[in-house]
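I opened this notebook to keep a record of what I looked up in one model, taking the sheets, the helices, the ligand surroundings and the backbone geometry in turn.

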Amino acid sequence: MDLSDIGNDIDHVLLTEEQIGARLDEMAAQIDADYAGKDLLLVGVLKGAVMVMADLSRRLHTAATMDWMAVSSYGSGTKSSGVVRILKDLDTDLTDRHVLIVEDIVDSGLTLSWLLSNLRSRGPASVEIAAAMRKPDAVKVDIDVRYVGFDIPNEFVVGYGLDYAEKYRNLPFVGTLAPHVYER
Ligand code: XMP
Ligand code: MG
C-alpha cells in the first residue's frame, strides 16, 4: 500500500498538520507556565499518544522526563468496551511526582477516568491530563482535562496516532474515514 491508498480512505480532514502544530505551541506555553520550577513527568498512553507526546514534549522549555503506559479499552473496532486492562505499566515510581498524562483523544472518558484514579493511588504530587482531542458530545464520565488541543465532532477519526484496525496512525493530519473502509 502506498500513501495515495491511505489518502483515498479519508473522507475529510478535520485537523491539518499546521493547525495541530499551532495549537501545540499554545499548549506547551501553558504547560511551561504551570510547571515552572517543577519536576515534570510526562506519561504517554500507547500507542495513540506517540505523535502528540513527541510533538508536545519537544515544544516544552520545562525539563521533563517521559514514561509510557499501554492500556486497552478498545478492540480493533470503533466502540469503547469500558473495560480497561494494563498491557504495559510505568517503569517510574510516581511518589511525589508531578504527572501529566498525555493522551490522543478523550472520547467517553472511561479510559482516562480509570487511569486517573489508578495513577492517583500511587502517591504523586499531582496528576493532570493533556489531550490532543476531545469529543464533547461523547463524554460519559466527568473528568477535568486541564489541556485540550481541539474539541472535535462526535465522529470516529484517524491519523496523528489514531488508528482503525492499527492503520492510519502515521497520517500527519486527523481525518474521518470514508464509509468504504468500514464496509470492506
Ligand atoms: P474513551 O472512550 O475511554 O476512549 O475516552 C479513549 C481511547 O479510545 C480510542 N478512541 C479512538 N480511536 N478514533 C480512534 O482511532 C477515534 O475516534 C477514537 N475515539 C476514541 C483512543 O485510543 C482513546 O485513547
Ligand atoms: Mg489512546
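**Entry 1: the open sheet.** I began with the open sheet of three strands, which has the order E1-E9-E8 and antiparallel pairing. I noted that strand E1 (10-15) and E8 are its edge strands, since each of them pairs on one side only. I then looked up the contact between E8 and strand E9 (residues 174-177), and found that they pair in the antiparallel sense over two bridges. For one position in this pairing, I recorded that valine 158 stands opposite glycine 175 in E9. I should state at this point that I am reading a predicted model.

**Entry 2: confidence.** Before going further I checked the scores, and the chain has a mean pLDDT of 91, with 92% of its residues reaching 70 or more. For the complex, the predictor gives an ipTM of 0.89 and a pTM of 0.91. I keep a general caution beside these values, namely that predicted coordinates should not be read in detail where pLDDT is low.

**Entry 3: the parallel strands.** I next followed the strands around E5, and I noted that E2 and E5 run parallel and are joined by five bridges. On the other pairing I looked up, E5 and E6 are parallel as well, over eight bridges. Leucine 100 appears in both of my notes: it is the bridge partner, in E5, of leucine 42, and it stands opposite glutamate 128 in E6. I also recorded isoleucine 101, whose bridge partner in E6 is isoleucine 129. From E6 I went on to strand E7 (residues 147-151), which runs parallel to E6 and is joined to it by four bridges. There, arginine 134 has aspartate 151 of E7 as its bridge partner.

**Entry 4: burial of E5 and E6.** Are these two strands enclosed or open to the outside? I found that eight of the nine residues of E5 are buried, so E5 is largely enclosed by the rest of the structure. For strand E6 (residues 126-134) the count is seven of nine, so E6 too is largely enclosed by the rest of the structure.

**Entry 5: the helices.** I then traced the connection from E5 to E6, and noted that E5, H4 and E6 make a right-handed β-α-β unit. Which residues of H4 are buried? I listed Thr111, Leu112 and Leu115. Seen down the axis of H4, these buried residues fall within an arc of 85°, so they line one face of the helix. I also looked at helix H3 (residues 50-57), which is mostly covered, with six of its eight residues buried. Its buried residues are Met51, Val52, Met53, Asp55, Leu56 and Ser57.

**Entry 6: around ligand 1.** I counted 20 residues surrounding ligand 1, the closest being Asp107, Ser108, Leu110, Thr111 and Leu162. The elements that give two or more residues to this shell are strand E3 (64-74), strand E5 (98-106), helix H4 (110-120) and strand E8 (157-158). E5 provides the largest share, four residues. By residue class, the shell divides into 10 nonpolar, six polar and four charged residues. I noted that Thr111 belongs both to the closest residues of ligand 1 and to the buried residues of H4.

**Entry 7: backbone geometry.** I kept in mind that most residues other than glycine have a negative phi and that most peptide bonds are trans. Against this, I recorded a cis peptide bond from leucine 46 to lysine 47, with omega near -5°. Lysine 47 lies in the loop between strand E2 (40-46) and H3. I also recorded a positive phi, near 65°, for aspartate 96, which is placed in the loop between strand E4 (80-88) and E5. Aspartate 96 is exposed, with 10 other C-beta atoms within 10 Å. Tyrosine 168, in the loop between E8 and E9, has a positive phi near 75°. Tyrosine 168 counts as buried, because it has 21 C-beta neighbours inside 10 Å and the cut-off is 20 or more.

**Entry 8: serine 121.** Last, I looked up serine 121 in the loop between H4 and E6, and found this residue exposed, with 9 other C-beta atoms within 10 Å. Serine 121 and threonine 95 are 26 residues apart in sequence, and their C-alpha atoms are 9.7 Å apart in space.

Methods: Residues numbered from 1 in each chain as written. Chains lettered and ligands numbered in written order. Predicted model: local features only at pLDDT ≥ 70, side-chain atom pairs only at ≥ 80, totals over all residues. Near = placed C-beta within 6 Å. Nonpolar A, V, L, I, M, F, W, Y, C, P; charged D, E, K, R; others polar. Buried ≥ 20, exposed ≤ 12 C-beta atoms within 10 Å, placed from the backbone. Arc of directions from axis to C-beta. Pairing = 2+ DSSP bridges. Right-handed = clockwise from strand over helix to strand, strands pointing away. pLDDT = per-residue confidence, 0-100.
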